[in-house]
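Visitor: I should like to take a close look at a single part of this model. Please begin there and then lead me outward to the surrounding elements.

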Amino acid sequence: MAGPLPLGDPAPSDGRLPPDLAIDASVPFSAYVHIPFCRVRCGYCDFNTYTSGELRGARQEDYADTLSAEISLARRVLSEAGALRPMDTVFFGGGTPTLLPAGDLARMLERAVDAFGMADGAEVTVEANPDTVTPAVARTLAEAGVTRLSIGMQSAVPHVLAALDRTHQPENVRTAVEAAKDAGLAVSVDLIYGAPGESLADWEASLDDALSLESDHISAYALIIEDGTKLARQIRRGEVPRPDDDLQADMYELADARLAGAGFEWYELSNWARSDDQRSRHNLAYWRGNDWWGFGPGAHSHVAGLRWWNVKHPAAYAQRVAASESPAAGTERPDAKAHLLERVLLESRLAEGLAIADIPVQNRDRVAGLIADGLIEGAAALRGRVRLTLRGRLLADAVVRALTG
Ligand SMILES: C[S@@+](CC[C@H](N)C(=O)[O-])C[C@H]1O[C@@H](n2cnc3c(N)ncnc32)[C@H](O)[C@@H]1O
Ligand code: SF4
């Protein structure tokens with residue numbers, strides 16, 4: 001079930017934050033709520049999620065109450081540290097959040113709003129599998145304060161969906177999108193490219209279908225072969241081909257051209273939005289290094305440079321919170337060098353780019369070479385920012401290595 005957690009240092013059992021943490025209460029605060037349940041596990045996925053046979057006694061029916069206990073703990077810990085702020089964004093991710101009754105999601109949101117308050121115009125996203133979104137679900141979520149639904153479409157092509165082990169019917173994506181729009185929710189769809197057997201023409205068909213849904217936001221991820229997944233085993237045994245890097249690059253270029261042609265603008269390597277206010281503010285909060293509390297099994301948190309992560313299994317998580325203990329399994333405080341590396345890694349993926357002033361001094365002279373190689377934009381560099389060109393987006397890892405190595 002997903003890779004191991006980082007090692008880190010032991011986390012205090014009462015969850016308290018170190019007294020010397022330099023908390024800046026003007027930094028926006030976000031909440032991530034992990035819902036660790038799926039009906040079946042897709043062959044490519046190593047997220048921290050469990051099917052009903054893997055729950056070892058943890059009960060989906062109890063999850064909203066179990067998680068609410070961590071909300072109370074977070075409120076106490078943050079107020080003791082002077083770090084309590086209203087939530088700017090909330091994200092219910094998974095797993096499959098919409099496998100829980102919409103009323104349970106609404107209850108968790110209500111508890112979080114009671115505990116932290118909500119900033120004006122806050123963004124509240126729920127991830128959903130297409131089969132789990134009915135008009136009634138969409139309405140309940142909207143009435144509870146959800147503003148945005150992120151739907152796992154992945155592909156419109158039946159043999160690609162089958163290669164990914166997806167169980168939804170392609171036509172259910174449209175039904176889910178319509179239900180969300182009718183309820184007044186903003187809509188994002190997730191796509192994956194580079195599945196075994198997927199041709200450029202298949203990918204083009206999925207892009208065209210996704211565009212015909214007229215969503216506000218599209219994420220397109222290159223399929224990653226994660227260790228320990230069924231797909232990784234199939235590839236190792238030679239049963240299915242490994243994704244081809246050159247084909248995935250062609251697919252990225254096609255996506256960017258098609259999406260740009262339809263009025264979408266990239267704002268992060270794998271994310272496109274119709275306008276600035278339709279970008280995922282929650283994901284931007286991660287990429288910009290804001291503060292967030294991750295609730296639920298395996299969830300990661302970050303406050304003022306301190307990171308911690310919860311125990312992974314829902315049963316272990318439920319035991320901890322039932323004993324009034326923090327569910328945190330480990331914690332770490334990256335040093336200045338690790339922090340800088342992380343900033344370059346995340347911010348260089350953004351269209352707003354990375355400040356040249358944030359690049360380690362000894363590496364700044366490499367900027368000219370990256371411009372000459374067509375990997376970053378000369379005009380942006382004159383304004384003091386590193387911004388990837390299309391070629392740079394395809395070779396982002398090499399750019400990061402050049403800036404940090
Ligand atoms: C963890 S899923 C949660 C949403 C929902 N359960 C679903 O699958 O529709 C979030 C997104 O991560 C992406 N994803 C998961 N595993 C991936 C992988 N190995 N490679 C690329 N994208 C992946 C998928 O696009 C998926 O929609
Ligand atoms: S439905 Fe989503 S979270 Fe669940 S296994 Fe599939 S990709 Fe992973």
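In which loop does Gly95 lie?

Guide: The model is a predicted one, and the answer below should be read accordingly. Gly95 lies in the loop between strand E2, residues 87-94, and helix H2. The peptide bond that joins Gly94 and Gly95 is cis, with omega at about 15°. As a general matter, most peptide bonds are trans.

Gly95 also belongs to the surroundings of both ligands. Around ligand 1 there are 18 residues, and those that come nearest are Gly95, Asn129, Gln154, Arg166 and Asp190. Three of these residues have polar side-chain atoms for which a distance to the ligand can be given. For Asn129, a polar side-chain atom is placed 3.0 Å from a nitrogen atom of ligand 1. For Gln154, the partner is an oxygen atom of ligand 1, and the distance is 2.7 Å. For Asp190, an N or O atom of the side chain is 2.7 Å from an oxygen atom of ligand 1.

The shell of ligand 2 consists of Cys38, Val40, Arg41, Cys42, Tyr44, Cys45, Gly95, Thr96, Asn129 and Arg166. Gly95, Asn129 and Arg166 are thus listed around ligand 2 and also among the residues that come nearest to ligand 1. By class, the shell around ligand 2 comprises 5 nonpolar, 3 polar and 2 charged residues.

From the loop that holds Gly95, one proceeds to helix H2. Helix H2 spans residues 102-116 and packs with helix H1, residues 63-80, at an angle of about 15°, the axes being 10 Å apart. The two helices, H1 and H2, are therefore roughly parallel to each other, and their crossing is right-handed. On the H1 side, the residues that meet H2 are Tyr63, Ala64, Asp65, Leu67, Ser68, Ile71, Ala74, Arg75 and Leu78; on the H2 side, they are Asp104, Arg107, Met108, Arg111, Ala112, Ala115 and Phe116. This contact of H1 with H2 contains 10 nonpolar, 1 polar and 5 charged residues.

Two further helix pairs may be set beside this one. Helix H6, residues 200-212, and helix H8, residues 245-261, pack at about 30° with their axes 10 Å apart. That angle makes H6 roughly parallel to H8, and H6 passes H8 in a right-handed crossing. Leu200, Trp203, Glu204, Leu207, Asp208 and Leu211 of H6 meet Leu247, Asp250, Met251, Leu254, Ala255, Arg258 and Leu259 of H8. The contact of H6 with H8 divides into 9 nonpolar and 4 charged residues, with no polar ones.

Helix H11, residues 336-347, packs with helix H15, residues 396-404, at an angle of about 150°, again with axes 10 Å apart. H11 is thereby roughly antiparallel to H15, and the crossing of H11 and H15 is right-handed. Leu341, Val344 and Leu345 of H11 make the contact with Val400, Leu403 and Thr404 of H15. In the contact of H11 with H15 there are 5 nonpolar residues, 1 polar residue and no charged residues.

A final backbone detail may be placed beside the cis bond. Ala304 has a phi near 50°, a positive value in a residue other than glycine. Ala304 is in the loop between strand E10, residues 300-303, and strand E11, residues 306-310. In general, most residues other than glycine have a negative phi.

Note on methods:
Residues are numbered from 1 along each chain as its sequence is written. Chains are lettered from A and ligands numbered from 1 in the order in which they are written. This is a predicted model: local features need pLDDT of at least 70, side-chain atom pairs count only at pLDDT 80 or more; totals for chains, interfaces and linings use all residues. Side-chain values use heavy atoms; hydrogens and water are left out. A residue is near a molecule or strand if one of its heavy atoms lies within 4 Å of it. Ala, Val, Leu, Ile, Met, Phe, Trp, Tyr, Cys and Pro count as nonpolar, Asp, Glu, Lys and Arg as charged, and the others, Gly among them, as polar. Axes are lines fitted to C-alpha atoms, for helices over the stretch in contact, and angles run from 0 to 180 degrees between N-to-C directions. Helices (H or I, at least four residues) and strands (E, at least two) are DSSP runs, numbered from the N terminus. Angles under 35 degrees count as roughly parallel, over 145 as roughly antiparallel, 65 to 115 as roughly perpendicular and the rest as oblique. A crossing is left-handed if the near helix is turned anticlockwise from the far one by less than a right angle, and right-handed if clockwise. Contact means heavy atoms within 4.5 Å. A polar contact is a pair of N or O atoms within 3.5 Å; within protein, one must be able to donate a hydrogen and the other to accept it, and residues adjacent in sequence count only if both atoms are side-chain atoms.
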